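New to this one? Here's a quick tour to read alongside the sequence and the 3D view.

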Amino acid sequence: MLLLPLLVALTLAQDDASTTPAEFYETETPVFDFFTWEPQEQPEEPEMPQFLPGGWYPINPDADNRALKFGLDAGQRYLAEQGHNGEFELIDIISASSQTVAGYNYKFTVRVKSGCKTFQCSFAVFESIWGSPEFSLTGAVQCDKE
């Protein structure tokens, strides 16, 4: 019973106000200095990248990334099966991206050296957060000679 008069009063008060609720929330709230209560400049908010939830987004892994190490081991086995046995070394990470699913998907494109030949390899790795095995390949390793 008390709700109806309250809603009527709020509606009337809103009609008299010079700003609508949407305009009220769009205005910036002033920031005050804690000690002097003087208005301060609004700090600039950092620009956040806009990624789709569940979509792929770029990452910057280091050489110690466990998913990258797992994929590099698979790449080394792949090159050994192709007859490229030699010292296997990561030269450069060309691109890396991640996707959050029921775990994490990673896509890597790397430049590696096997013996005296250089290859560009691509592979995808799934990291399970709830089961075993912890890492698995989600596709074939592809390596092209440069």
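The protein chain exposes about 11100 Å², and carbon and sulfur atoms supply 56% of that area. Keep in mind that this is a predicted model. Buried residues account for 23% of the chain's 146 residues.

**Overall layout**
- You'll find 3 helices and 8 strands in the protein chain.
- Reading from the N terminus, the elements go α-α-β-β-β-α-β-β-β-β-β.
- Among contacts in the chain with a separation of 6 or more, 47% join residues 24 or more positions apart.

**The core**
- The largest nonpolar core has 18 residues, and Leu72, Phe108, Val110, Val112 and Phe123 are the ones with the most contacts inside it.
- Helix 3 (66-81), strand 4 (88-101), strand 5 (103-114) and strand 6 each chip in at least two residues of this core.
- Helix 3 gives the largest share of the core, with 5 residues.
- Take Val110 as a sample: leaving out residues up to four places away in sequence, Val110 touches a list of residues including Leu68, Leu72, Leu90, Phe119, Cys121 and Phe123.

**A buried serine**
- Ser97 sits in strand 4.
- With a relative accessible area of 14%, Ser97 falls under the 20% cut-off, so Ser97 counts as buried.
- Who's around Ser97? Not counting neighbours within four places in sequence, Ser97 is in contact with Trp56, Tyr57, Pro58, Ile59, Asn105, Tyr106 and Lys107.

**The cysteines**
- A search of the whole structure turns up 1 disulfide.
- In general terms, a disulfide is a covalent bond between the sulfur atoms of two cysteines.
- Here the partners are Cys121 and Cys143, with their sulfur atoms 2.1 Å apart.
- The pair ties together distant parts of the chain: Cys121 is in strand 6 and Cys143 in strand 8 (residues 142-145), 22 residues apart.
- The torsion about the S-S bond of Cys121 and Cys143 is about 110°, so this disulfide is right-handed.
- Both Cys121 and Cys143 are buried.
- Is Cys116 buried or exposed? Cys116 has 72% relative accessibility, so Cys116 counts as exposed.

**On the surface**
- Tyr104, Ile129 and Trp130 make up a nonpolar patch on the surface, and together they have about 370 Å² of accessible area.
- Ile129 is found in the loop between strand 6 (117-127) and strand 7 (135-137).
- Ile129 counts as exposed because its relative accessibility is 57%, and the cut-off for exposed is over 50%.

Conventions: Residues numbered from 1 in each chain as written. Predicted model: local features only at pLDDT ≥ 70, side-chain atom pairs only at ≥ 80, totals over all residues. Heavy atoms only, no water. Patch = residues over 30% accessible without salt bridge, like charges linked within 9 Å, V, L, I, M, F, W, Y side chains within 5 Å. Areas by Shrake-Rupley, 256 points an atom, 1.4 Å probe, with all protein chains shown as cover. Salt bridge = Lys/Arg side-chain N within 4 Å of Asp/Glu carboxyl O. Helix = DSSP H or I, 4+ residues; strand = E, 2+ residues; numbered from the N terminus. Buried < 20%, exposed > 50% of the residue type's maximum accessible area, 1.4 Å probe, protein only. Core = buried A, V, L, I, M, F, W, Y, C linked by side-chain atoms within 4.5 Å. Contact = heavy atoms within 4.5 Å. Disulfide = S-S within 2.5 Å.
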